Amino acid sequence: MREEKLLFYLGHNCAGREHRVSGRTLERALGIRGTDLRKLVSRLRKRGIPICSDRNGYFYAARASEVYTTIHQLEAWIAGAKAAVQGLERSLDSFSERKSP
C-alpha cells in the first residue's frame with residue numbers, strides 16, 4: 001500500500017529531475033521515516049520502476065538519461081562500500097584474535 005502511495009505521489013507530482021522532491025518532503029507527505037522511504041524506493045526499483053534520485057531529492061524518471069545518471073550514482077556508492085569493506089578487512093591484521101562472521 002505504501003509503495004503505491006509513493007509511486008502515485010512521484011508519478012503525478014515529480015516527473016523528471018526538474019520536479020524532484022526532497023526526501024524530507026516525501027517523508028512528511030507519506031507519514032513515513034527516512035529509512036522506510038529508502039526501503040520503499042529500493043523495492044520499487046527492484047520491480048523495474050524508474051524512481052531516480054540525486055543529492056536534492058527523488059523523482060519519477062521522464063527520460064532514460066535520468067535513469068542512467070541514477071545507475072551511475074548507485075554504482076559509485078557500491079564501489080565506495082566495497083572499498084570500505086576491503087579497508088576493514090585489512091584492519092583485521094592488527095587484532096590478535098580473528099573471528100569470521
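**Exercise 1. The hairpin.** State which strands form a hairpin and how many residues lie between them.

*Solution.* Strands β1 and β2 form a hairpin, with two residues between them. The model is predicted, and local features need pLDDT of at least 70, side-chain atom pairs count only at pLDDT 80 or more, while totals for chains, interfaces and linings use all residues. Residues are numbered from 1 along each chain as its sequence is written, and side-chain values use heavy atoms, with hydrogens and water left out.

Step 1: locate the strands. β1 covers residues 51–54 and β2 covers residues 57–60. Strands (E, at least two residues) and helices (H or I, at least four) are DSSP runs, numbered from the N terminus.

Step 2: check the pairing. Two strands pair if DSSP finds at least two bridges between them. Here four bridges join β1 to β2, and the strands run antiparallel.

Step 3: read the register. Ser53 stands opposite Tyr58 in β2, and Cys52 stands opposite Phe59.

**Exercise 2. The faces of β1.** Decide whether the faces of strand β1 are covered or not.

*Solution.* Step 1: fix the terms. Buried means under 20% relative accessible area, exposed over 50%, and partly exposed in between (1.4 Å probe, protein chains only).

Step 2: sort the residues by side. Ile51 and Ser53 lie on one side, Cys52 and Asp54 on the other.

Step 3: conclude. All of these residues are buried, so both faces are covered.

**Exercise 3. Helix α1 against α2.** Describe how α1 and α2 pack.

*Solution.* Step 1: choose the quantities. Two packed helices are described by the angle between their axes and the distance between the axes. Axes are lines fitted to C-alpha atoms, for helices over the stretch in contact, and angles run from 0 to 180 degrees between N-to-C directions.

Step 2: take the values. Helix α1 (residues 2–13) and helix α2 (residues 23–30) pack at about 125 degrees, with axes 11 Å apart. That makes α1 oblique to α2; angles under 35 degrees count as roughly parallel, over 145 as roughly antiparallel, 65 to 115 as roughly perpendicular and the rest as oblique.

Step 3: give the contact (heavy atoms within 4.5 Å). From α1, Lys5, Leu6, Tyr9 and Leu10 meet Thr25, Leu26, Ala29 and Leu30 of α2. By class, this contact has six nonpolar, one polar and one charged residues. Ala, Val, Leu, Ile, Met, Phe, Trp, Tyr, Cys and Pro count as nonpolar, Asp, Glu, Lys and Arg as charged, and the others, Gly among them, as polar.

**Exercise 4. Helix α1 against α3.** Repeat the description for α1 and α3.

*Solution.* Step 1: the axes of α1 and α3 (residues 34–46) come within 10 Å and cross at roughly 80 degrees. That makes α1 roughly perpendicular to α3.

Step 2: Arg2, Glu3, Leu6 and Leu7 of α1 make the contact with Asp36, Leu37, Leu40, Val41, Arg43 and Leu44 of α3. These residues divide into six nonpolar, no polar and four charged.

**Exercise 5. Two residues.** Establish whether Glu3 is buried or exposed, and do likewise for Ser96.

*Solution.* Step 1: Glu3 is found in helix α1. Its relative accessible area is 15%, so Glu3 is buried. Leaving aside neighbours within four places in sequence, Glu3 is in contact with Leu40, Arg43, Leu44 and Arg47. The C-alpha atoms of Glu3 and Leu44 are separated by 7.1 Å, at 41 residues apart along the chain.

Step 2: Ser96 lies in the segment after α4. With a relative accessible area of 80%, Ser96 is exposed.
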